[in-house]
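Biologist: Let us go through this model together. I will ask, and you answer from the atoms.

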Amino acid sequence: MILAYLQLALSMALVGANVGVAKILAESLPVPMILGLRCALAVLVLWPLARVMEGRSAVERRALWNLALQAAFGTVLYNVALLAGLRLTTALEAGLILATLPAVVAVGGAAWLRERLPARQWAAVALAAFGMGALVLARVASEGHGSALGNLLVFAGVCGEAMYVLLAKRIAGRVPVVTASLWMQVFSLLMLLPLCLPVLGATGALASPAVAGLLVFHGLTTSVLCLLLWYAGLKRAPAGIAGVFTVFLPATSAAVAVGILGEPFTAVHGAGFVLLLGSLLLATWPSSRA
C-alpha cells in the first residue's frame, strides 16, 4: 500500500511540476508545436505499450467518437488554453487554478449528468470560488505578477479538462486505459496537425538541448509516465483515497514556481492556496460510508 501511495503522489507531483515546465516551453516554442510534438512522442511510446499490456483491443465506433471528443476537450482545448495562459500569467497562479478541477467537475456533473451533489461538494465549490476570488484580488491589488486574461485562459483549460472527465464517465470500463490514451493521442495529433504546419519554421529552437530535453520530459511524463503511475497506484489503493493525492498537484506546482522559477508568493496567494486546497480536499476526500 505504501508503494501505491508513492505512485499516486509521484503521478500528481509530476503533473504539478509540469506546469512550470510548460511555462518555460511556452516561452520558447509555439503552443501548437509543443502539443503536436508531445502527442507524436506519446503515440510512439503508447503504441507498443498498449500492445504489450493490453493486446489487440477492439474499440467500438461509439467509444471512438467519445474518445475523439475527450481528445478535443481534454488534450487540445485544455493544453492550448493552459499553454496560452502560461504565456501571460505565472506558473504559481496557473497551478492554483488547476486545483479547481474537482469543483468544476462536480458542477458539470450536476448540470449535465444530473448527478446529485451532497452538501460537502457544494462547500467545495464555494471554497473554490473564494479561492479564485483571492487570485482576482491579487490582480486588483497588483500584488502578483500574473495576468487576469492568462488566468481566464487557464480556467478555460480547466473547463475543458472537466468536460474530458465527464465524457470519460460515459465509457468507463469499456476501453482499456492505455488503449484509450493511445487513441486520444492519435485523435489529438490529427486535430493539431493543421495548426502545426504554419509554425514549422520554429523547429530551430529544438536545436537547444535544454528546450529539446524539456519537451521530451514534458511529453513522456504528462502523457505516459503520470498515467502509468496513477493506474498502477489505483490497483492497490482505494479510488476514494487516491483522489486525496491530487493535493500534490497545486503544492508541487507552487513549489516549482516559487523555488525554481523565482515567482513571488504573496499573502493573497497564500489565502487562495488555503481555500483551493480546502476545496480540493472536500471534493476528493472519501466519505465514511464509502
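Biologist: Is Q7 buried or exposed?

Modeller: First, the ground rules: this is a predicted model, where local features need pLDDT of at least 70, side-chain atom pairs count only at pLDDT 80 or more, and totals for chains, interfaces and linings use all residues. Residues are numbered from 1 along each chain as its sequence is written, and side-chain values use heavy atoms, with hydrogens and water left out. Buried means under 20% relative accessible area, exposed over 50%, and partly exposed in between (1.4 Å probe, protein chains only). Q7 has a relative accessible area of 14%, so Q7 is buried.

Biologist: Which residues does Q7 contact, leaving aside its neighbours within four places in sequence?

Modeller: Q7 lies in helix α1. Helices are DSSP runs (H or I, at least four residues), numbered from the N terminus. Contact means heavy atoms within 4.5 Å. With neighbours within four places in sequence set aside, the contacts of Q7 are L229, A232, G233 and R236.

Biologist: Which helix gives the most to the largest nonpolar core?

Modeller: A nonpolar core is a set of buried Ala, Val, Leu, Ile, Met, Phe, Trp, Tyr and Cys residues joined through side-chain atoms within 4.5 Å. The largest one has 51 residues, and L25, L83 and L98 touch the most other members. With nine residues, the top contributor is helix α1 (residues 2-26).

Biologist: How many residues are in the other core?

Modeller: That core lies apart from the largest one. Its members include V59, V175, A180 and M184. The count is 10 residues.

Biologist: Which residues does L25 contact beyond its neighbours within four places in sequence?

Modeller: L25 is among the residues that touch the most other members of the largest core. Beyond four places in sequence, L25 is in contact with I34, V211, L214, L215 and H218.

Biologist: Is H218 buried or exposed?

Modeller: H218 sits in helix α9. Residues more than four places away that it touches are N18, V21, A22, L25, I34, R38 and S223. Its C-alpha is 9.9 Å from that of L35, 183 residues away along the chain. At 4% relative accessibility, H218 is buried.

Biologist: How far apart in space are L225 and S11, C-alpha to C-alpha?

Modeller: L225 is in helix α9 (residues 209-234), and is partly exposed at 37% relative accessibility. Outside four places in sequence, L225 contacts L14 and L220. L225 and S11 are 214 residues apart in sequence, and their C-alpha distance is 7.5 Å.

Biologist: What is the angle between the planes of F245 and F248?

Modeller: Rings of Phe, Tyr and Trp (its six-membered ring) pair if their centres lie within 6.5 Å; planes under 30 degrees apart count as stacked, over 60 as edge-to-face and the rest as tilted. By this rule there are three aromatic pairs. F245 and F248 are 6.1 Å apart, centre to centre, and form a stacked pair with an angle of 10°.

Biologist: Which residue joins F245 and F248 in one aromatic cluster?

Modeller: F245 is buried at 14% relative accessibility, while F248 is partly exposed at 35%. The third member of their cluster is Y5.

Biologist: Which helices do the buried residues of α11 pack against?

Modeller: Helix α11 (residues 248-259) has 12 residues and reaches 16 Å from first C-alpha to last, close to the 16 Å expected at 1.5 Å a residue. The expected span is 1.5 Å times one less than the number of residues. Its buried residues are L249, P250, T252, S253, A254, V256 and A257. They pack against α1, α4 (91-98) and α12 (267-284).

Biologist: Which helix gives the most to the lining of the second largest pocket?

Modeller: On a 1 Å grid over the protein atoms alone, a pocket is an open set of points where a 1.4 Å probe fits, with protein on both sides within 12 Å along at least five of seven lines; lining residues have an atom within 4 Å of a point. The lining includes W47, R51, T179 and W183. α2 (31-54) and α8 each supply at least two residues. With four residues, the one giving the most is α8.

Biologist: Is T179 buried or exposed?

Modeller: T179 is in helix α8 (residues 177-196). Beyond four places in sequence, T179 contacts A50, E54, S57 and V59. Its relative accessible area is 5%, so T179 is buried.
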